[in-house]
Amino acid sequence: MLDVRRLRLLRELSYRGTIAAVAEAMTFTPSAVSQQLATLEREAGVALLERTGRRVRLTPAGVALVGHAEAVLERLEQASAELAAAHAGLAGSIRVGAFPTATRTILPAALAALGRDHPGLEPMVDEIDPAEVAPRLRAGDLDVALVHEYDFVPAVTDLALETEPLLEEPMYLASGSPARYGDAPCGGEDSLAGRRDASWIVSSPGTLCHAMTVRACQAAGFAPRVRHHIDDFATVLAMVAVGQGVALVPELGAADPPAGVRLTELPMRRRTQIAFRRGAAAHPAVAAFTAALRSSLPGGRAARPAG
């Protein structure tokens, strides 16, 4: 009989690529992970890994077994959801991951609604970049999370996860007053292409927001000349207001801009989704949190449901 815990390790190896990364994510030592995978190979009766020096890759049999592991883990999530539904009332914790603008603009009202409707449920929020969500959901560090994608940065498919659309918002070019800072766009056109010579304020490398700005500028025919790396959009707008550069900002991050900031809507969108482990959609805690999110969305264009 194949051990589910070892199947989970094999699944993580297929995503992370190295035993060291699996060990760090699953709080094991690398030697313990290697031993567990070796035991799984003996249970399977066939080689699951190919070792070349320090590198390890899955054999065709290992890849096939990962597909079965995904199905098994999904069924276990479904079983957990059914058992949780058998309890009277919701109690315990639900671990939530969210990106900063969602934490500031969406979550407070949702958490208030959740506390009102399910006082026994204790939400625990971690503010993280969407790029970090998938591995933490798979590892069980999070139960549900808010993630986003941009037109130029589509979501990466992860077979272990499911998503539901939550909202869609436009993107804006944030720029300062040309009369005040001499920030006149090239050719007089206040557009992305017209800012090829401007200084840019972008998010930290490795984040989806950073990739979005770089790719959007590349699509407009230039590479942005980056002056500042700042992740908080309120701080970004404050820097734009004092002439430190231009930036791309989603509508939820552009509320109440400082004086001197101009916001030009661009033909780009950011889409926010609710993510959870495959099979967990019917879990009462996940369903309750999802319902609270949908009931608490701000009105207007800043939070129209994605279609």
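**Salt bridges and a capped helix**

Let's start with one pair: the side chain of E70 makes a polar contact with the side chain of R11, at 3.0 Å. A polar contact here is a pair of N or O atoms within 3.5 Å; within protein, one must be able to donate a hydrogen and the other to accept it, and residues adjacent in sequence count only if both atoms are side-chain atoms.

A word on the source. This is a predicted model, where local features need pLDDT of at least 70, side-chain atom pairs count only at pLDDT 80 or more, and totals for chains, interfaces and linings use all residues. Residues are numbered from 1 along each chain as its sequence is written, and side-chain values use heavy atoms, leaving out hydrogens and water.

Back to E70. E70 and R11 also form a salt bridge, meaning a side-chain nitrogen of Lys or Arg within 4 Å of a carboxyl oxygen of Asp or Glu. E70 lies in helix α4 and R11 in helix α1, so the pair ties together parts that are 59 residues apart in sequence. Helices are DSSP runs of H or I, at least four residues; strands are runs of E, at least two; both are numbered from the N terminus.

Are these two buried or exposed? E70 is buried at 12% relative accessibility, and R11 is buried at 4%. Buried means under 20% relative accessible area, exposed over 50%, partly exposed in between, with a 1.4 Å probe and protein chains only.

Next pair. D232 forms a salt bridge with R104, with the closest N and O atoms 3.8 Å apart. D232 sits in the loop between β8 and α10, R104 in helix α5, and 128 residues separate them. D232 is partly exposed at 29%; R104 is partly exposed at 39%. Shared partners also build a salt-bridge network: R11, E12, R16, E70, R138 and D158.

D232 has a second role to show you. It caps the N-terminal end of α10, with a side-chain oxygen 3.3 Å from the backbone nitrogen of A234. Which residues of α10 are buried? They are F233, V236, L237, V240 and A241. Down the helix axis they fall within an arc of 140°, so they line one face. That arc is taken from the directions from the helix axis to the C-beta atoms. After α10 comes G243, with a positive phi near 80°.

Last stop, the loops. T27 has a positive phi near 55° and is not a glycine. It lies between α2 and α3 and is exposed at 71%.
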